[in-house]
Structure formats: structure tokens, C-alpha cells
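Colleague: Please take me closely through a single part of this model, one strand and the hairpins around it, and then set it beside a second strand and what lies beyond.

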Amino acid sequence: MGATRQYVVIDPSAGKIDRRIFSEQAIYDDEMEKIFGRAWLMIGHESLVPAVDDFFHTYMGEDPVMLTRDGQGQLHALLNMCRHRGNRVCRVDDGNAKRFTCTYHGWTYRNDGALEHVPGESEAYYDALDKPSLGLIEARVETYAGIVFATWAKDAPSLEAYLGDARWYLDTVFNRRDGGMQALGPMKWLEPVNWKTLVDNCSDNYHVPTSHLSSARVQSRYLGRPRLSHEDQFASPNKHAFVNGHSITFRDADDNAPRYVHGVSKDTMRLFQEYHDTTMPEIERRLGKLRARRVQLGNHSIFPNGILGLRLALPRGPLKTEFWHFVLVDRDMPEDLKRVIRIGSQANNGAAGMFEQDDVDNWRQVTAASTSRLGRRHPQDLSMGIGHAGLHPDYPGFVSERYISENNQRLFYRRWEEFMNADSWAAIPLDRITARFDGTATLRG
Ligand code: FES
Ligand SMILES: [Fe+2]
């Protein structure tokens, strides 16, 4: 191991960023260690493992991980690697099992990770094998409103501190109902894009009227969605906020309108409005009046790679990302509304989503540009709105003055530098929690 490489990839005063971070293998390898090896990573949702002994196979960065619920109902995140030679002990996506048997030599693990049975323990190993030290490698697990996070870092702060004031905004989608949420999916596919291009895009509202022009026209004509112009966007009262690496965009309006989700159209609006009206007393009780009525979370990312609600953007090399797209719905929502949201989500996002295809083409080209020898000599420009963000009297985090801004992106790359340059969690700064969390909703739901 050599000395820690020091990264200076963003010039925050000029908004210039070094393109090599999107394509260089050595930087990617460092990201796996410094970011994916120690951040809290979104790995799934409790509704994917509702019963004891359920499991769901997922990933932390490139590492295969089983999210299990043991016989006591406790969640575990276990590296899918037999401690003998390293074979995977689980070969399926999900299921219900009390134990996992390795198909190489038959070592068998309980679903809490303990090594339970080794063929020939007496005859071959002379009872000298230290079984208690050979359980599956286990990550720390915590949940936020049913979303499961895990980290390999023993010295990581609590998930509550990690999310910090970002939760004040996230609650407006993920923590609305007493019954919690339910994850549908995932739909999985691969794209030749660097994982950071899509995180960057989560706060990029600037691209919408241009990139999505044709998709938006189709939606205006057939679904009655408002047309989206640059003028509308520049005049929008919506805002961006940044906390601890998490990029938030949110709508600020008190117009008794249902929060926007894919699936809203002129034909379905009545269903959404009814649902909004009937659930509002419960939501006010859970979140307080300000957040229930005014604040509506929009696109956002949870550092490092949790995007668009519950989507895992799993790095597969510097030039490849595997998407796992889930649709999250309120568990106690009427079934016809769940169906509308599920279909709406797939029509917009997902492998065949109209908006998704516009976006992915951009991310592919941004990634490809970073492989150009000549192109790399010229940094990306992220200078929009420099000096026009700060603390806000009503909203936590570092808040941009305008909806169209590159403030969140600049701060995301700064956060990336903080992780990449730190030797341990002690060297990674965290914003203090200052927001007032009115209402009964807690971290756990
Ligand atoms: S590799 Fe798993 S039992 Fe040998
Ligand atoms: Fe987009």
C-alpha cells in the first residue's frame, strides 16, 4: 500500500472539474475503497424481506451481499463469500432460507452469518477449525423509514448523523404514512456510464426543457402535463439544498396539490387529489404542517449512489453502471393508485422509460468524453450560480437561491474529495443536525 493519493479535482471558485474522475481505472479502484468501502450504502428495503428467514441478494459497490432477516427478525448484510475458498453461498436473487450451503465443499452458514456446519469437522479438521471466527463477513445495518443501509466501516457515524438534515426533506416522500412504504421491483439493466454522471444529473433541472423536449411534448399532448419551458424553470420557486453529500431538490408551495409522482395525468389526477386530501391529516400529524403542506421532495441523491427514490446505481467499473430500479409506493395506498404509479414510473424511468432514454444518452456521452485524450485536457464547466447559495431561515442545509443551479453538483464533487482524501471517518466532516423535525415520524418510520 502506498501513501494516500491526494485528490484535487474541483476548483470550487471557478467550477471546473477534472474529467479523469469519470474514466480512470486507478481512481475508480480508490473509490471502491474510500467511498464504497466506508459510506452508508442503500442496499434495499425492509418490504423485500418482510418475514423471518427471508433474504434478498444485493450489492455494496461491487461486492455481492445478502440482506437477510434471521429467525429473530433481525436484519443482516452478509458478504456472499464462503470463508473457505470464496465461492458464493447464495446463487439466487431472493427467497426464504434458514441457512446457506456452499456448493464447493458444503460449508453451511446460518442466515445470521454464523458458520454452522463443516463436512468432516472431526475427521478432516481434527476438531481444530475455529468455526466462530469463520462466519460470513458482516456489514453494519441500519434502516431509515424502511430503507436498508449498510456500511463496512466500523467507525462510521450513525445513519441518523450520516443523513443529517437531508432527512428533513426525505421524510416528505419516504416517511409520510404510518404504514410505511413498499418496494416493487427491481428492474435491472446495464449502461456504459460512470456512476457519478447520474448522481450529478439528480440536481440538474437545467437539462429538462432541452433533453426531454420530445418526451415532454408527448406527455403534454396525451397526459395533459404542463409544458416545460426554460422560462418556467427560471421563474420556479423550487429550490436545491445540500447536506452531507446528499443533493436535494424540492418544491416549495402551499397549493393543496398532490406531490408529483410519475403516473399523474389529466385522467388520474382525481385519484391523486382524493388520496392527498384523505391522507393529509395523518401526514400533518407525522411531519408537521410546513413539511406536510409546503415541502415536496423532488429529484435527489443520497451519497454516494442512491438516486431517484429507491434506485441502486451499482458501479461495475469506471465505464459501466448497473441500475436496479424500484418503484416505491405507500403500503396502504389504494391498489388502483399503486398500479397507476407503477405504470407511470416504468413509462418515464426504467429501461424503456421515455425520460430515462433521453438521460442515459447524455450520461453515456459525458462518460465517453472523459476517455478522450484531448478532451481530458479541458475540464467540465460547473460554474452556474457560484456565490448564490447559503443558509436559509426556513430550510436546512446549504440552499441555492434558484432552482436552476450547479451548486449541488459542485458540493457533491467536494464531498467526493473529502471521502477520497480521508484516511478514516474521523477526517470526514459532518454537518450538525439543526432542523426541527416536527411531527411524530422518526428515523425508524
Ligand atoms: S469454498 Fe465454500 S466450502 Fe469450500
Ligand atoms: Fe432527465
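**A strand between two hairpins, and a counterpart**

Modeller: In this predicted model, strand 17 (residues 306–307) is paired with strand 18 in the antiparallel sense, and two bridges hold the pairing. One of the bridge partnerships sets I307 against R311 of strand 18. The hairpin that these two strands form has three residues between them, and L308 adopts a positive phi near 45° there.

On its other connection, strand 18 pairs with strand 19 (residues 321–330), again in the antiparallel sense but over five bridges. Here L314 stands opposite E322 of strand 19. The hairpin of strand 18 and strand 19 has five residues between the strands, and G317 takes a positive phi near 105° in it.

As for burial, five of the five residues of strand 18 (residues 311–315) are buried, so the strand is largely enclosed by the rest of the structure. In a regular strand, side chains alternate between the two faces of the sheet. In strand 18, R311, A313 and P315 point one way while L312 and L314 point the other way, and each of these residues is buried.

Strand 6 invites the same kind of reading, since five of its five residues are buried and the strand is mostly covered. On one side lie L75, A77 and L79, on the other H76 and L78, and both faces are covered, with all of these residues buried. Strand 5 (residues 63–69) is joined to strand 6 by five bridges in an antiparallel arrangement, and M66 has L78 as its bridge partner in strand 6. Between strand 5 and strand 6 the hairpin has five residues, among which G73 takes a positive phi near 90°.

Strand 6 (residues 75–79) is also joined to strand 11 (residues 138–144), which runs antiparallel to it, through two bridges. In that pairing A77 has A139 as its bridge partner in strand 11, and L78 stands opposite E138.

These pairings belong to a wider arrangement, an open sheet of seven strands in the order 3-12-11-6-5-4-7 with antiparallel pairing. Strand 3 (41–45) and strand 7 (94–96) stand at its edges with a single partner strand each, so one side of each has no neighbour in the sheet. Neighbouring strands of this sheet are turned against each other by 30° on average, direction ignored.

Turning to the nonpolar interior, the largest core holds 85 residues, of which Y144, Y169 and F174 touch the most other members. F174, once its neighbours within four places in sequence are left aside, is in contact with Y144, A145, I147, M181, L297, H300, G309 and L328. Another core, of 16 residues, lies apart from the largest one, and L78 is among its members, as are C102, W107 and V118.

Elsewhere, the second largest pocket has a volume of about 640 Å³. It is lined by 31 residues, and those closest to its centre are F242, V243, P396, G397 and F398. Strand 14 (239–243), helix 8 (269–294) and helix 11 (407–421) each supply at least two residues of that lining, and helix 8 gives the largest share, five residues.

Note on methods:
Residues numbered from 1 in each chain as written. Chains lettered and ligands numbered in written order. Predicted model: local features only at pLDDT ≥ 70, side-chain atom pairs only at ≥ 80, totals over all residues. Heavy atoms only, no water. Pairing = 2+ DSSP bridges. Helix = DSSP H or I, 4+ residues; strand = E, 2+ residues; numbered from the N terminus. Axes fitted to C-alpha atoms, helices over the stretch in contact; angles between N-to-C directions. Core = buried A, V, L, I, M, F, W, Y, C linked by side-chain atoms within 4.5 Å. Buried < 20%, exposed > 50% of the residue type's maximum accessible area, 1.4 Å probe, protein only. Contact = heavy atoms within 4.5 Å. 1 Å grid on protein atoms, 1.4 Å probe; cavity = no way out; pocket = protein on both sides within 12 Å on 5 of 7 lines; lining within 4 Å. Points joined across faces, edges and corners; volume = space filled by probe spheres on them.
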